[in-house]
Amino acid sequence: MANVRVISTEGLFLSVILILAVVFVLIRWRLQITTAFYAAARMILQLTAVGMLLHYVFAFRNAWLTSVLLAAMLFVAAWIALRPVKQKRMPCYPQALIAIAVGGLSTLLLIIGGVIRLEPWHEPRYVLPLAGMIFANSMNGVSLAADRFFAETERGAAYSTARNTAFQTALLPITNSFLAAGLVALPGMMTGQILAGVEPMIAIRYQIMVFCMLYGAIGISASLFLRLQKTGRSAGVAK
């Protein structure tokens, strides 16, 4: 297997130019740049901190520590998922957490137990990256579903109409990724493995697995969140 090329500090700084190019457009069009700077700075700091933490976690290989990290990822994912509907964040947080936990954990268990057959199950080098992909996509699915669902209901749409529109919206990005895979772009997992020297056909198997797990996680999480909205609305009417 070929060695992975190391990105130098200077090279990393060069990549930041791409963010600055978008910020330049925001400034020229007189749009808010605070969110862009905040998000970029937070991304860099969070990834740096996580990189240092994972170095310790990978060496320690403790089931309890892995479980705590998974729980923390779920709690944060549920909170971030509701960012587009901040006015409903607190009342909807339990529903988002349940949806992402059910959709994300069921998908993760199927992948590590049935597909990869990981031993031990808590091997952090596999579990945490896979969980990160699954939870993040479940989070995005719930976020898109929540934003569109409440936008539709505020316009007076019936629950079933708002639910269906929101669910289709949540699945749109992953569906587009399906359609573009191999034709427009080599997906992330596959690209990373090929750059690391893995045989293309092996990388393709992993990428197909990733696409399947993300579609399932997004669909289950978004549909459960939307289903819980009906329960919440019914409870509100009953009161």
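The following legends describe close-up views of a predicted model.

**View 1. The largest pocket and the residues around its centre.** The largest pocket of the predicted model encloses about 1200 Å³ of space. Its lining comprises 27 residues, of which Arg 42, Gln 46, Leu 47, Val 76 and Ile 80 are the closest to the centre. Sorted by class, 20 of the lining residues are nonpolar, four are polar and three are charged.

**View 2. Helices that contribute to the pocket lining.** Three helices, α2 (34-60), α3 (63-81) and α5 (124-154), each provide at least two residues of the lining of the largest pocket. Helix α2 makes the largest contribution to this lining, with 12 residues.

**View 3. Helix α2, its span and its buried residues.** Helix α2 consists of 27 residues. The distance from its first C-alpha to its last is 38 Å, close to the 39 Å expected at 1.5 Å a residue. Within α2, the residues Ala 40, Val 57 and Phe 58 are buried. The cover over the buried residues of α2 includes α1 (9-28), α3 and α5. Helices α3 and α5 thus appear here as well as in the previous view, where each supplies at least two residues of the pocket lining.

**View 4. Ser 67 of helix α3 and its separation from Leu 128.** Ser 67 is located in helix α3. Is this residue buried or partly exposed? Ser 67 is partly exposed, because its relative accessible area is 29%, and buried residues are those under 20%, with exposed residues over 50%. Along the chain, Ser 67 and Leu 128 are 61 residues apart, and their C-alpha atoms are separated by 9.6 Å.

**View 5. The salt bridge between Arg 61 and Glu 123.** Three salt bridges are present in the structure. In one of them, Arg 61 pairs with Glu 123, and the closest N and O atoms are 2.6 Å apart. This pair connects distant parts of the chain, with Arg 61 in the loop between α2 and α3 and Glu 123 in the loop between α4 (89-115) and α5, a separation of 62 residues. Side chains of opposite charge can pair when their charged atoms come close. The backbone at Arg 61, just after α2, adopts a positive phi of about 55°. Arg 61 counts as partly exposed because its relative accessibility is 43%, whereas Glu 123 is buried, with a relative accessible area of 11%.

**View 6. The salt-bridge network of Arg 148, Glu 152 and Arg 155.** Salt bridges join Arg 148, Glu 152 and Arg 155 in a network. Glu 152 forms a salt bridge with Arg 148, in which the closest N and O atoms lie 3.0 Å apart. Both of these residues, Glu 152 and Arg 148, belong to helix α5, where they are four residues apart, about one turn of the helix. Glu 152 also forms a salt bridge with Arg 155, with 2.5 Å between the closest N and O atoms.

**View 7. Accessibility within the salt-bridge network.** Glu 152 counts as buried because its relative accessibility is 11%. Arg 148 is partly exposed, with a relative accessible area of 32%. Arg 155, by contrast, counts as exposed because its relative accessibility is 59%. The network of Arg 148, Glu 152 and Arg 155 therefore includes a buried residue, Glu 152, a partly exposed residue, Arg 148, and an exposed residue, Arg 155.

Technical notes:
Residues are numbered from 1 along each chain as its sequence is written. This is a predicted model: local features need pLDDT of at least 70, side-chain atom pairs count only at pLDDT 80 or more; totals for chains, interfaces and linings use all residues. Side-chain values use heavy atoms; hydrogens and water are left out. On a 1 Å grid over the protein atoms alone, a cavity is a set of points where a 1.4 Å probe fits but cannot get out, and a pocket is an open set with protein on both sides within 12 Å along at least five of seven lines; lining residues have an atom within 4 Å of a point. Grid points are joined across faces, edges and corners, and a volume is the space filled by probe spheres set on the points. Ala, Val, Leu, Ile, Met, Phe, Trp, Tyr, Cys and Pro count as nonpolar, Asp, Glu, Lys and Arg as charged, and the others, Gly among them, as polar. The expected span of a helix is 1.5 Å times one less than its number of residues. Buried means under 20% relative accessible area, exposed over 50%, partly exposed in between (1.4 Å probe, protein chains only). Contact means heavy atoms within 4.5 Å. A salt bridge is a side-chain nitrogen of Lys or Arg within 4 Å of a carboxyl oxygen of Asp or Glu.
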